[in-house]
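Reader: Got a minute to walk me through this one? Let's begin with the sheet.

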Amino acid sequence: MKYHFLLDNNIYRPLMNSKNGEFLLNFEKSIQKHNIFKNIPIHDIAYSITPFSIMEALGITIPFPQNLITNEELTIKNYKKGFKNLKEKAEEYFLNLEILKNDSLIDIAKKQSLYTSLNSKELEKTLITNPLKNSEFNNYFLKGLVFDFLCKYEFPQEIQKHIFSEFLIPTFFLNDREISRFSKFRIIKRLWDNSFYRLENSKNLDSQLMIRLNNSMKLKRNRDFLDCEIIHFSTIGDLVNENHNPVFSFTMDKKETVINRVIVYKSMINLFINKVLTTNQYDIHENIIHNWKQGMIVFCDNRGNFTDSIDISNIKAIND
């Protein structure tokens with residue numbers, strides 16, 4: 001089994017360019033001292049950052065597509081055809097962006113590498129250079145951009161529920177390698193926002209807990225969303241060859257905020273299992289939920305030392 005070590009955005013940068021490589025040195029020492037990590041063979045560890053984090057690391061801003069289809073194409077009568085058309089237009093848009101061409105990305109990475117510490121060159125090669133040179137990466141990333149675009153698209157109110165229930169929510173359960181490797185945090189965020197009022201006023205739930213959870217789900221900026229990708233992968237693992245591998249994520253985010261977001265994530269997943277799937281409205285033959293692997297989240301200080309870690313399996317959902 002592979003153990004995926006996923007680096008948050010706020011960890012990647014100091015790993016690359018801290019003075020005299022101090023952050024990387026302390027980070028590696030902490031791994032060697034950790035009661036779990038020190039027993040994992042090096043060849044079973046795969047370091048990675050998400051494709052969106054790679055773009056963040058390279059300082060790339062991807063322009064959001066506008067006006068791909070008209071509102072008349074997204075009505076209650078033709079929303080299925082309209083959704084398919086929107087997806088195809090988005091695929092065409094991202095495919096034709098010059099900045100996302102492999103040669104362009106590799107050229108940007110070479111310029112960025114000039115600022116990387118010599119001690120971190122090998123890790124940079126693993127996280128940035130090798131993925132960009134992989135012919136499959138560009139296609140995988142483009143599909144990820146399309147999926148992300150569809151998840152945050154503001155569909156007309158009359159069809160929004162249909163789009164989520166028929167197209168986006170089922171992506172959690174489809175045993176498809178590429179779809180399964182995309183973060184679903186935007187879906188969870190939307191579902192939580194739509195469910196919060198009912199949960200807050202439920203007599204069976206602690207209203208103060210609901211408020212604390214909701215405060216943790218308020219994202220301040222796009223980078224905050226990227227940081228939330230660790231919540232998704234640490235909770236369900238990373239799918240490779242139809243099997244989920246546990247993900248150990250490393251971050252400098254606040255522990256309380258991270259735990260609250262994991263609680264929300266697991267709670268919404270429980271909602272899928274107990275409410276959505278039991279309605280038999282989805283033709284799902286392989287429910288990959290049973291193969292999910294919960295991992296860990298490790299917290300670091302600004303010098304690369306581990307300060308704490310949490311086992312995702314020990315965090316309970318509000319509806320457990």
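Author: Sure. This is a predicted model. It has an open sheet of five strands, in the order 2-1-5-6-7, and the pairing is mixed.

Reader: Which strands sit at the edges?

Author: Strand 2 (45-48) and strand 7 are the edge strands. Each of them pairs on one side only.

Reader: How many degrees of turn between neighbouring strands?

Author: On average 20 degrees, with direction ignored.

Reader: Take the strand 2 end. How does strand 1 pair with strand 2, parallel or antiparallel?

Author: Parallel. Strand 1 (residues 3-7) and strand 2 share four bridges. One residue pair to look at: Tyr-3 has Ile-45 in strand 2 as its bridge partner.

Reader: And the other end. How many bridges join strand 6 to strand 7?

Author: Five. Strand 6 covers residues 296-300, strand 7 covers residues 306-311, and the two run antiparallel. Met-296 stands opposite Asp-311 of strand 7.

Reader: What do strand 6 and strand 7 form, and what's in the turn?

Author: They form a hairpin, with five residues between the strands. Gly-304 lies in the turn and has a positive phi of about 95 degrees.

Reader: Switching to helices. At what angle do helix 5 and helix 6 cross?

Author: Roughly 165 degrees. Helix 5 is residues 102-113, and its axis comes within 9 Å of the axis of helix 6. Angles over 145 degrees count as roughly antiparallel, so that is how helix 5 and helix 6 are described. Their crossing is right-handed.

Reader: What about helix 1 and helix 6, left-handed or right-handed?

Author: Left-handed. The axes of helix 1 (residues 9-17) and helix 6 (residues 121-133) come within 10 Å and cross at roughly 140 degrees. Helix 1 and helix 6 are therefore oblique to each other.

Reader: Now holes. How many cavities of 30 Å³ or more are there?

Author: Three. The largest has a volume of about 140 Å³.

Reader: Which residues lie nearest the centre of that largest one?

Author: Phe-52, Gly-144, Phe-182, Ser-183 and Glu-229. The whole lining is 16 residues.

Reader: Which elements give two or more residues to that lining?

Author: Helix 3 (51-57), helix 7 (135-152) and helix 13 (229-236). Helix 7 gives the largest share, six residues.

Reader: How does the lining divide into nonpolar, polar and charged?

Author: In the largest cavity, nine lining residues are nonpolar, three are polar and four are charged.

Definitions and conventions
Residues are numbered from 1 along each chain as its sequence is written. This is a predicted model: local features need pLDDT of at least 70, side-chain atom pairs count only at pLDDT 80 or more; totals for chains, interfaces and linings use all residues. Side-chain values use heavy atoms; hydrogens and water are left out. Two strands pair if DSSP finds at least two bridges between them. On a 1 Å grid over the protein atoms alone, a cavity is a set of points where a 1.4 Å probe fits but cannot get out, and a pocket is an open set with protein on both sides within 12 Å along at least five of seven lines; lining residues have an atom within 4 Å of a point. Grid points are joined across faces, edges and corners, and a volume is the space filled by probe spheres set on the points. Ala, Val, Leu, Ile, Met, Phe, Trp, Tyr, Cys and Pro count as nonpolar, Asp, Glu, Lys and Arg as charged, and the others, Gly among them, as polar. Axes are lines fitted to C-alpha atoms, for helices over the stretch in contact, and angles run from 0 to 180 degrees between N-to-C directions. Angles under 35 degrees count as roughly parallel, over 145 as roughly antiparallel, 65 to 115 as roughly perpendicular and the rest as oblique. A crossing is left-handed if the near helix is turned anticlockwise from the far one by less than a right angle, and right-handed if clockwise.
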